[in-house]
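Here are some notes to keep beside you while you look around this structure. They go point by point, so dip in wherever you like.

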Amino acid sequence: MAFCVECSTKIENNEMICSYCGKEMKAEQNAKQELFTEKISSINNTPDSTQDFDVEDIRDNKRMALLSYLSWLVIIPLISSPKSKYARYHMNQGLVLAILEIIWMILTMILNSIFFAISWRLGSIVSTIFSVCSFTFLILSIMGIINVVNGKAKELPFIGKFKLIK
């Protein structure tokens, strides 16, 4: 699936001209867009174990599962819904995400201090790079929330394999 570089309209793989604006697509543009789309799809192609959960459990514990992805609010469902298999599944992913966020925050504070001690310009550049990298946690949280809203028990990319809560 490709998109027009001019108007962002979806273009079928065979088409070389945008049906909306008439812009001619180059074969290399189409190939780059397809490669990017495939990469994103492969990152989000994680195991989905929704069928292992009870439909009532999913319906009744969506709110608690959603709280799991709001950093340390993961403690609320841990206390209030310890028997829900669905909430525990999402609590596990939320807890792993929250722990990694704290580790990342501590690591970036230490490294930023070192780089700012060397040079304020170097510190500013490194700090900006670290800030941009921090958006990964936001994206993973949003992906988890989307899974909960859709009633899915799908692993998050990169961190879904780690199990802290059984």
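1. Start with how far to trust the picture. This is a predicted model, and the mean pLDDT of the protein chain is 87, with 90% of its residues reaching 70 or more. Confidence is highest in α5, at 95, and lowest in helix α1 (residues 27–43), where the mean is 68. Where pLDDT is low, the predicted coordinates should not be read in detail. Keep that in mind when you look at α1, with its mean of 68.

2. Now for the inside. Which residues have the most contacts within the largest nonpolar core? They are Phe53, Tyr86 and Leu97, in a core of 14 residues. Two elements, α5 and α7 (135–149), give two or more residues to this core. Of these, α5 gives the most, with four residues. As background, nonpolar side chains in soluble globular proteins tend to be buried together.

3. Leu97 is a handy place to zoom in. Leaving out residues up to four places away in sequence, Leu97 touches Tyr69, Phe137, Leu140, Ser141 and Ile159. Apart from the largest core there is another one, made of five residues, including Ala87, Met91, Leu95 and Ile165.

4. Ser81 is worth a look next. You'll find Ser81 in the loop between α4 (75–80) and α5 (85–118). Is Ser81 buried or exposed? Ser81 counts as buried because its relative accessibility is 9%, and the cut-off for buried is under 20%. Beyond residues up to four places away, Ser81 touches Asn61, Met64, Ala87 and Met91. Two of the names there, Ala87 and Met91, are also among the residues of the five-residue core.

5. On to the largest pocket, which has a volume of about 180 Å³. Its lining takes in Ser49, Phe53, Lys85, Arg88, Tyr89, Asn92, Glu155, Lys163, Ile165 and Lys166. How do the lining residues divide? Five are charged, three are nonpolar and two are polar. Some names may ring a bell: Phe53 was listed for the largest core, and Ile165 for the five-residue one.

6. Helix α7 gives you two residues to set side by side. Gly144 sits in α7 and is buried, its relative accessible area being 0%. Thr136 is in helix α7 too, but Thr136 is partly exposed, with a relative accessible area of 40%.

7. What lies around those two? Gly144 touches Tyr69 and Leu156, not counting residues up to four places away in sequence. The C-alpha atoms of Gly144 and Glu155 are 8.2 Å apart, with their positions eleven residues apart along the chain. Glu155 is one of the residues lining the largest pocket. From Thr136, the C-alpha to C-alpha distance to Glu101 is 9.7 Å, and these two are 35 residues apart along the chain.

8. A couple of backbone angles deserve a check. Most residues other than glycine have a negative phi. Ser71, in the loop between α3 (62–67) and α4, has a phi near 55°, a positive value in a residue other than glycine. Phe158, in the segment after α7, has a positive phi as well, near 75°.

9. How accessible are the two residues with these angles? Ser71 is partly exposed, at a relative accessible area of 26%. Phe158 counts as exposed because its relative accessibility is 61%, and exposed means over 50%.

10. Next, Phe115, which belongs to helix α5. Phe115 counts as partly exposed, at 24% relative accessibility. Setting aside neighbours within four places in sequence, Phe115 is in contact with Leu122, Gly123 and Val126. Where does Phe115 stand relative to Ile142? Their C-alpha atoms are separated by 31 Å, and the two are 27 residues apart along the chain.

11. Last, Gly22, in the loop between β2 (10–11) and α1. At 46% relative accessibility, Gly22 counts as partly exposed. Measure across to Trp120 in your viewer: the two are 49 Å apart, C-alpha to C-alpha, and 98 residues apart in sequence.

Conventions
Residues are numbered from 1 along each chain as its sequence is written. This is a predicted model: local features need pLDDT of at least 70, side-chain atom pairs count only at pLDDT 80 or more; totals for chains, interfaces and linings use all residues. Side-chain values use heavy atoms; hydrogens and water are left out. Buried means under 20% relative accessible area, exposed over 50%, partly exposed in between (1.4 Å probe, protein chains only). Contact means heavy atoms within 4.5 Å. On a 1 Å grid over the protein atoms alone, a cavity is a set of points where a 1.4 Å probe fits but cannot get out, and a pocket is an open set with protein on both sides within 12 Å along at least five of seven lines; lining residues have an atom within 4 Å of a point. Grid points are joined across faces, edges and corners, and a volume is the space filled by probe spheres set on the points. Ala, Val, Leu, Ile, Met, Phe, Trp, Tyr, Cys and Pro count as nonpolar, Asp, Glu, Lys and Arg as charged, and the others, Gly among them, as polar. pLDDT is the predictor's confidence in each residue, from 0 to 100. A nonpolar core is a set of buried Ala, Val, Leu, Ile, Met, Phe, Trp, Tyr and Cys residues joined through side-chain atoms within 4.5 Å.
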